[in-house]
Amino acid sequence: MKFVVNTKEMEKALTDIQGKGKYLGNGGLSSSKMGSYFYMTLTGDTLDVWNGDATFGMNITIAVTGVRNGSFIGDAQLVIPYLKKFGEGVLFESDDYLRLTSGSRKASLPMVINHPNMDAITRIRDMIKHISYQENIEKIWSFGSSKFEGAFMLNSTVFKEAIGFCELVKSGVYKLNYDKGVITFSSTATASNKYEQSIEISSHVGESATLEYSGPLHNFFEPSQPLNFYVKDEFPLLIVGADRKILKAPYNAGGN
């Protein structure tokens with residue numbers, strides 16, 4: 001694999017693909033991340049960067065100048081420090097290891113033999129590879145052997161603000177209720193400790209749906225980025241932006 005990419009764009013992608021934010025664990029809600037390992041594939045001038053596990057998938061697409069198609073597994077924590085000090089553009093070239101070149105600066109970094117969740121990433125890629133961002137919500141996509149039942153558009157800043165308030169409850173579980181022209185986000189710890197916010201939307205199609213999820217999905221997107229949400233009762237939540245996608249399995253108390 002060989003390509004040239006804007007250094008800042010690549011640094012941002014490798015930072016975001018780690019999935020940093022507040023996660024629900026045995027000790028409650030705390031700051032963490034999905035992980036620093038990433039999988040990237042180059043096809044023509046399109047670079048896809050992936051991370052995920054059995055319940056959580058993330059993808060960022062970057063426009064690059066492609067030279068040789070291929071794929072690579074690496075550790076963002078090793079790559080990002082070089083990108084912070086390199087020039088405006090950087091040449092990525094991989095075979096048995098990764099070479100980074102920016103002007104007279106050159107670095108060699110080890111590849112990761114296998115992403116710890118590669119099977120899950122491969123499965124998620126296959127299930128959402130046909131799905132693309134819609135400027136106007138018209139189509140409800142299939143997902144595996146099933147199909148989403150509702151879809152709507154929401155600005156990422158509005159989404160982030162709503163979940164930011166829900167995080168104050170500290171339950172780490174967020175309920176999304178889609179009822180035609182109104183979206184309600186809520187989180188409940190006890191009968192006296194809860195938060196709820198309703199948002200009117202203008203672009204939506206399909207049937208009403210309610211689901212619960214956990215994880216910092218709202219942190220993944222750029223400020224003021226228009227987002228497509230695809231929903232179904234007790235079904236994975238899919239959020240798609242122009243350059244990124246995120247998929248999260250529904251919350252269950254025993255697993256996520």
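Select Asp75 and Gln77 at the N-terminal end of helix α2 in this predicted model. Asp75 caps the helix there, with a side-chain oxygen 3.0 Å from the backbone nitrogen of Gln77.

Now colour α2 itself, residues 76-85, and pick out its buried residues: Ala76, Val79, Ile80 and Leu83. Looking down the axis of α2, you will find these within an arc of 100°, so they line one face of the helix. An α-helix has 3.6 residues a turn, so residues three or four places apart point the same way. Show what surrounds that face: the buried residues of α2 pack against α1 (7-16), β4 (37-43), β8 (70-75), β9, β10 and β11.

Of these neighbours, take α1 next. At its start, a side-chain oxygen of Asn6 comes to within 3.0 Å of the backbone nitrogen of Lys8. The buried residues of α1 are Thr7, Met10, Glu11, Ala13, Leu14 and Asp16. Keep Asp16 displayed for a later stop.

Move to strand β10, residues 97-102, and show its side chains. Which of them are buried? Leu98, Leu100 and Ser102 are, and they point to one face, while Tyr97, Arg99 and Thr101 point to the other and are not buried. In a regular strand the side chains alternate between the two faces of the sheet.

Add the strands that pair with β10. Strand β9 (residues 89-94) is antiparallel to β10, with four bridges, and Glu93 has Arg99 as its bridge partner. The hairpin formed by β9 and β10 has two residues between the strands. Strand β11 (residues 105-110) also pairs with β10 in the antiparallel sense, over six bridges; here Leu100 is partnered by Ala107. Two residues separate β10 from β11 in their hairpin, and Gly103 in the turn has a positive phi of about 65°.

Return to Asp16 and select Arg244, in strand β22 (residues 244-248). Arg244 has a relative accessible area of 3%, so it counts as buried. What does its side chain meet? The side chains of Arg244 and Asp16 are joined by a polar contact of 2.9 Å. A polar atom of the Arg244 side chain also lies 2.6 Å from the backbone oxygen of Phe220. The charged end of Arg244 sits over the Phe220 ring as well, 5.1 Å from its centre. Other residues in contact with Arg244 include Asn59, Ile60, Glu222 and Ile239.

For the aromatic stops, select Phe148 and Phe235, which are both buried. Their ring centres are 5.4 Å apart and their planes are at 85°, so the pair is edge-to-face. Phe148 is in the loop between β13 (146-147) and β14 (150-155), and Phe235 in the loop between β20 (226-231) and β21 (237-240), so the pair ties together parts 87 residues apart in sequence. Tyr174 and Tyr213 form a tilted pair, 5.5 Å centre to centre with 55° between the planes. Go back to Phe235 and add Lys232, which lies over the face of that ring at 4.6 Å from its centre. Then display the aromatic cluster of Phe152, Phe159, Tyr178, Phe185 and Phe229.

Finish at His130, in the loop between α3 (118-128) and β12 (142-143). Is His130 buried or partly exposed? Its relative accessibility is 36%, so it counts as partly exposed. The His130 side chain reaches the backbone oxygen of Ser142 at 3.0 Å. These two residues are twelve apart along the chain, with 8.9 Å between their C-alpha atoms.

Methods
Residues are numbered from 1 along each chain as its sequence is written. This is a predicted model: local features need pLDDT of at least 70, side-chain atom pairs count only at pLDDT 80 or more; totals for chains, interfaces and linings use all residues. Side-chain values use heavy atoms; hydrogens and water are left out. Buried means under 20% relative accessible area, exposed over 50%, partly exposed in between (1.4 Å probe, protein chains only). Two strands pair if DSSP finds at least two bridges between them. A polar contact is a pair of N or O atoms within 3.5 Å; within protein, one must be able to donate a hydrogen and the other to accept it, and residues adjacent in sequence count only if both atoms are side-chain atoms. Contact means heavy atoms within 4.5 Å. The arc is that of the directions from the helix axis to the C-beta atoms. Rings of Phe, Tyr and Trp (its six-membered ring) pair if their centres lie within 6.5 Å; planes under 30 degrees apart count as stacked, over 60 as edge-to-face and the rest as tilted. A charge sits over a ring if NZ of Lys or CZ of Arg is within 6 Å of the ring centre and within 35 degrees of the ring normal.
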